[in-house]
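Thanks for sharing this one. Could you keep the coordinates open while reading my notes?

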Amino acid sequence: MKCTRCRARAEVHLRAHNSAFCRPCFLFFFRRQVERAIAHERMCTPEEHLLVAVSGGKDSLALWDVLAELGYRTTGLYLGLGIGAYSTASHAKVETFAATRGLPLRVVDLAREESGLAIPEVARVTRRTACAACGTMKRHYFDAAALEGGFDVLVTGHNLDDEAARLMGNVLRWQTDHLARQRPVLPPTHPRFVRKVKPLYLTGEYETAVYAFMRGIDYIVDECPNAAGATQLLYKEALNRLEAASPGTKLAFVKEFLRSAQPAFSQVEGRRPQDCTRCGMPAYGEVCSFCSLVREVQAKTARAAAGAPA
Ligand code: SF4
Ligand SMILES: [Zn+2]
Ligand SMILES: [Zn+2]
């Protein structure tokens, strides 16, 4: 097969794009996809300081690599979630990536923060799924780190597969409030929030894996051990089957949602957040969801220590 762009021997075949690329042309194509997403959605400008949330996986490290290559001012943010060997290994990958490229990195270790709570403990005490606890904790520490560091934009590595799976989940349950916020750019709704952007929202997982391989990025291949039971994986599998039968399905699903359906949902977007009375971060009740979770853990731990049932 020949490269669609230069007619040399192709190394990658992208069925969704009906294209094939040699190595230099694929790297060009990948970077241009990110540039186009940023420009089309007005995600950020070269003057702004970007905080890039990195997990040690291929998507976030590939994204950080492209943004740095494109000349953006970036700082990485790694959250130590306290998930055993997975956290240790992913932290090491991120440290090595940043050090070899001379990029600044911030590390927030959840167990060392004021609340002192790592994900497994929160999940165990509150009897939530690890991912539910993790989602609330991650959102809070991302927002807090962006605010404390004076960053303009928070960037995450969500890719097309993530967005399609999330969209499928939201549609299957008609979660209109979630659909209202499912956009590649979220403007701040509170003075303590920064803009949140997802430059890989139209880039497939396979493409980021190929990019990471071609660029020699050493990322953590293993998934978080808690991912196995997550419903999102089931949606991803279903979407992969649809994609195999009809290439381009995921791209059309997400693109068309954003073009023709999303505006109707965002029109009815709900209330604006107030200030959390405990930490000052945005909240939809008296306290934010993070503080409410921390309170719940503290109360249940105290009850258990006093010998009462949780
Ligand atoms: S799989 Fe769940 S617990 Fe693991 S990092 Fe993702 S959200 Fe957190
Ligand atoms: Zn080529
Ligand atoms: Zn709070």
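The points below cover the metal site, one helix and a ligand shell.

1. A word on conventions: this is a predicted model, where local features need pLDDT of at least 70, side-chain atom pairs count only at pLDDT 80 or more, and totals for chains, interfaces and linings use all residues. Residues are numbered from 1 along each chain as its sequence is written, chains are lettered from A and ligands numbered from 1 in the order written, and side-chain values use heavy atoms, without hydrogens and water.

2. Four sulfurs hold the zinc ion (ligand 2): the SG atoms of Cys3, Cys6, Cys22 and Cys25, at 2.3 Å. Donors here are N, O and S atoms within 2.8 Å of the metal (3.2 Å for Na, K and Ca); water is not among the atoms, so sites may look incomplete. Along the chain, the donors are spaced as C-x2-C-x15-C-x2-C.

3. The angles among the four donor atoms run from 101 to 118°, so the site is tetrahedral (all angles between 85 and 135 degrees).

4. Cys3 has 0% relative accessibility and therefore counts as buried, whereas Cys6 is partly exposed at 40%. The classes are buried under 20% relative accessible area, exposed over 50%, and partly exposed in between (1.4 Å probe, protein chains only).

5. Helix α8 spans residues 205–214, and its buried residues include Val210, Tyr211 and Met214; helices are DSSP runs (H or I, at least four residues) and strands likewise (E, at least two), numbered from the N terminus. The buried residues of α8 pack against β1 (12–14), α1 (23–40) and α2 (58–69), with contact meaning heavy atoms within 4.5 Å. Just after α8, Gly216 has a positive phi of about 65°.

6. Around ligand 1 are Leu81, Ile83, Cys131, Cys134, Lys138, Cys224, Asn226 and Ala227, with a heavy atom within 4 Å as the criterion.

How values were computed: Four donors count as tetrahedral if all angles lie between 85 and 135 degrees; four count as square planar and six as octahedral if opposite donors are over 155 degrees apart and all others between 65 and 115; anything else is irregular.
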